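Please open the model in your viewer and keep a selection box at hand, since each stop on this tour begins with something to select. The stops are ordered so that each selection can be added to the view before moving on.

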Amino acid sequence: MPASSSGSAIAGGRSAVFGASGKRTCRASGPLVASPTVGVRKNRRKGEALAVALFSTVFITILSAGASADLRVWEQGVDEESGEVSDPRSHRFLDLTAFLQPGFVIRLADEDGGRTDDSPFLQRARAGFYAQAQWWLKLRFEAEFVPTPSIQDAFVDLTPHPYVNLRAGQFQVPFLRTSLFNELDLGFLDRPLYMPARGFRSSIDALRVRDIGAMVHGRIGDTEEGAFKPVFEYQLGAFVGGGPNEPDNADNALLYAARLGLHVFGLPEGANEESDIARNTRPRLSLAGSVVSNCNGDENWNRGWNTDAEFRWMGLYVSTSFFWLKNGPAKSGQLGYGNGCGQGFNLPEGDPERPTTEPIDFISRGAHLQVQYVLPEVLFPVRNQALEVLARFDWVDPNTPFESGRAIRGPSDPEASPQYVAPGTIDDPGNAPTRYRLTFGINWFPTSDQSLRIQLNYQHNRESEDIVTGLESTGSVRNDVLWLQITAGL
C-alpha cells in the first residue's frame with residue numbers, strides 16, 4: 001500500500017498511522033478491535049444470550065407452520081374469498097421479520113495465517129418489521145442483537161408517483177449490488193472478499209453497506225410479475241458518510257452514491273434473493289453501473305465506480321462485478337470536501353499549514369464472479385425441498401499506489417513504487433495484503449424457501465502480496481475456512 005502524505009493510510013475498519021520516525025502503528029476506528037475489554041466481552045455475551053432467547057420462537061414457528069418470507073400479522077384491503085388485493089390504494093399490512101444464523105467455523109490455518117481456533121459462531125440475530133401504512137407510505141425497521149444490539153435498517157419510503165420513491169433514514173448505500181441484498185437473502189455465508197465480515201476481516205473504508213441519508217429511487221417500465229419488457233431502475237442518494245448509527249458528520253462532507261440499472265428482460269421473480277430458487281422460467285438479465293464519492297476520517301477523498309451484472313434462469317444464478325476507487329486528498333476542495341478532506345493541500349501556496357510534501361494518491365479494486373445452481377428434480381428428486389450448489393471467485397487489492405496511465409490496471413510493479421508499504425500481518429486491518437479466494441458450497445432448503453436453509457462453505461484464501469515482519473518476508477500462507485451455518489427466519 002502507499003504511504004500517506006498526511007501521515008496516514010486507510011484500508012477499512014482501522015487506519016494505519018505513520019509517525020515522524022516512519023514506524024507504523026494502528027488506530028482502532030471500526031468493527032475489529034483487538035483485545036476487547038472485559039465490559040465489551042460481557043456485553044457481547046449478554047447480547048448473544050438475549051438474541052438466542054428472543055429468536056428461539058423462530059424455530060418453533062418454522063416447525064409448526066413452515067418457513068415463509070415474512071410473518072403477516074395484520075392486513076386490510078384483501079378480498080376474503082380470493083385472497084387477492086381488491087384495491088391497491090386501500091391495501092395496508094404489517095409484516096414481522098426475524099432470522100437467526102448460528103454456525104460453526106473450522107479454521108484450517110498455519111500459525112502465520114491469522115486466527116487458528118475452531119469455534120461456534122452466531123453471525124446474526126435480527127428482528128424487525130415491514131409495514132405499509134398507506135399506499136404511498138412504507139416503513140422498515142430491523143435491529144441486530146449480536147455482538148451487541150444495534151440498528152440495521154430504519155427508514156420510511158414515500159411514493160408520490162409510481163416511478164418516484166423518496167427514502168429517508170438508515171439503509172443500504174446504492175453502490176455495490178451485493179450491498180443491496182439483505183443478509184437473510186445472501187447466497188453464500190458472507191459477501192465478497194472486499195466487503196466487511198465480523199470476526200473475519202475489515203474492509204475498504206468507502207464500501208460500507210449501510211449509512212444514514214436520503215435517496216430518490218424508482219423503476220420505470222412494466223413491473224408486473226411475468227412481464228418480459230425492459231425495466232429501468234435508478235437510485236440517487238446522499239448520506240452522512242460515517243456509517244451505520246453514526247449521525248455525526250464531523251468533516252461536514254457528504255457521501256454521494258448513484259446507481260443506474262436495466263432489467264433487460266423484465267423484473268425477475270425473487271429479485272431480492274441472491275439465488276434463483278424461484279426458478280425463473282424465462283431468462284432474466286440485469287446490468288448496472290454506479291458511482292460513489294466520500295470523505296473518510298483520514299481526510300482521504302474516496303471516489304470511484306462499479307459495474308455489475310446478474311443472470312437468472314431455471315435455477316441458474318450468475319453474478320459478477322468490478323469496482324475501482326481512487327483515494328487521496330481533495331486538493332481543489334471538490335464537492336465541498338476541501339476543509340475536511342484536503343489534508344491541507346487545498347490551502348494557498350505559502351500557507352504555513354500547507355504540507356511541503358507531495359500529495360499521495362492510491363487505488364482500491366475488487367471483483368467477483370459467482371455461479372449458483374438449484375438442482376432440477378431429476379437430480380434432486382425430493383418433493384418440497386431444494387438443493388443448490390455454488391462456487392465463487394473473489395479478489396481484492398485494498399491499497400496500491402496510483403500510477404498515471406495505468407489507473408485501472410494498477411502499476412506494473414507496485415512494490416517498486418516509493419509510496420509502497422508492505423503489509424505487516426495477514427489480517428492487518430490498516431494494510432491488508434492483496435488476496436483472492438475460492439469458495440465452494442452447498443445450500444439445502446428443507447422447505448424450498450430462502451428463509452430456512454443449511455449452508456456449508458469451504459473458503460480457500462490466498463495472498464498475492466508478501467507480508468513483511470521485521471527483516472522476514474513470507475509469501476502466501478494457509479488460512480482456509482470450513483463454515484457450517486443454519487439460517488432460520490420468519
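Which residues does Gln450 touch, not counting residues up to four places away in sequence? Select Gln450 together with Leu184, Asp185, Leu186, Glu273, Ser275, Ile277 and Phe445, which are the residues that Gln450 touches once those up to four places away in sequence are set aside. Please bear in mind from the start that this is a predicted model.

**First stop: the loop between S18 and S19**

Gln450 sits in the loop between strand S18 (435-445) and strand S19 (452-463), and with a relative accessible area of 3% Gln450 is buried, because a residue counts as buried when that value is under 20%. If you draw a distance from the side chain of Gln450 to the backbone oxygen of Asp185, you should read 3.2 Å.

Now select Ser448, which is found in the loop between S18 and S19 as well. Ser448 is partly exposed, with a relative accessibility of 32%, and its phi is near 60 degrees, a positive value in a residue other than glycine.

**Second stop: the whole chain**

Zoom out and colour by secondary structure, and the chain shows 2 helices and 22 strands. Of the 490 residues in the chain, 48% are buried. When the contacts with a separation of 6 or more are considered, 64% of them come from residues 24 or more positions apart. If you switch to a surface representation, the chain exposes about 22,300 Å², with carbon and sulfur atoms supplying 58% of that area.

**Third stop: the largest cavity**

How many cavities of 30 Å³ or more does the structure hold? There are 3, and the largest cavity contains about 50 Å³ of space. To display its lining, select Leu176, Arg177, Thr178, Tyr194, Asn306, Asp308, Ser319, Thr320, Ser321 and His368. These lining residues divide into 2 nonpolar, 6 polar and 2 charged. Colouring the selection by strand is also informative: strand S14 (301-313) and strand S15 (316-328) each supply at least two residues of the lining, and the largest share, 3 residues, comes from S15.

**Fourth stop: Asp308 in the cavity lining**

Within that lining, centre the view on Asp308, which has its place in strand S14. Is Asp308 buried or exposed? With a relative accessible area of 9%, Asp308 is buried, since this value falls under the 20% cut-off.

Two side-chain contacts can be drawn from here: the side chain of Asp308 makes a polar contact of 2.8 Å with the side chain of Arg259, and a polar contact, also listed at 2.8 Å, with the side chain of Asn306. Asn306 is itself one of the residues that line the largest cavity. To see the wider surroundings of Asp308, leaving aside its neighbours within four places in sequence, add Arg177, Arg259, Ser286, Leu287, Ala288, Thr320 and Ser321 to the selection, as Asp308 is in contact with each of these.

**Fifth stop: Glu142 in strand S7**

Move next to Glu142, which is found in strand S7 and counts as buried at 2% relative accessibility. A polar contact of 3.3 Å joins the side chains of Glu142 and Arg126. Beyond residues up to four places away in sequence, Glu142 touches Thr97, Phe99, Arg126, Ala127, Gly128, Ile151, Gln152, Asp153, Asn182 and Arg210. Ala154 is worth adding to the view for a backbone distance: the C-alpha atoms of Glu142 and Ala154, which are 12 residues apart along the chain, are separated by 6.6 Å.

**Last stop: two further loops**

Follow the chain from strand S7 (137-144) towards strand S8 (150-161), and in the loop between them you will find Pro147. Select Val146 together with Pro147 and display the backbone, where a cis peptide bond joins the two residues with omega at about 0 degrees.

Finally, select Asn252, whose place is in the loop between strand S11 (231-239) and strand S12 (255-263). Asn252 has a positive phi of about 55 degrees although it is not a glycine. Is Asn252 buried or exposed? At 65% relative accessibility, Asn252 counts as exposed, because its value is over the 50% cut-off.

Technical notes. Residues are numbered from 1 along each chain as its sequence is written. This is a predicted model: local features need pLDDT of at least 70, side-chain atom pairs count only at pLDDT 80 or more; totals for chains, interfaces and linings use all residues. Side-chain values use heavy atoms; hydrogens and water are left out. On a 1 Å grid over the protein atoms alone, a cavity is a set of points where a 1.4 Å probe fits but cannot get out, and a pocket is an open set with protein on both sides within 12 Å along at least five of seven lines; lining residues have an atom within 4 Å of a point. Grid points are joined across faces, edges and corners, and a volume is the space filled by probe spheres set on the points. Helices (H or I, at least four residues) and strands (E, at least two) are DSSP runs, numbered from the N terminus. Ala, Val, Leu, Ile, Met, Phe, Trp, Tyr, Cys and Pro count as nonpolar, Asp, Glu, Lys and Arg as charged, and the others, Gly among them, as polar. Buried means under 20% relative accessible area, exposed over 50%, partly exposed in between (1.4 Å probe, protein chains only). Contact means heavy atoms within 4.5 Å. Accessible areas come from the Shrake-Rupley method with a 1.4 Å probe; for residues, only the protein chains shown count as cover. A polar contact is a pair of N or O atoms within 3.5 Å; within protein, one must be able to donate a hydrogen and the other to accept it, and residues adjacent in sequence count only if both atoms are side-chain atoms.
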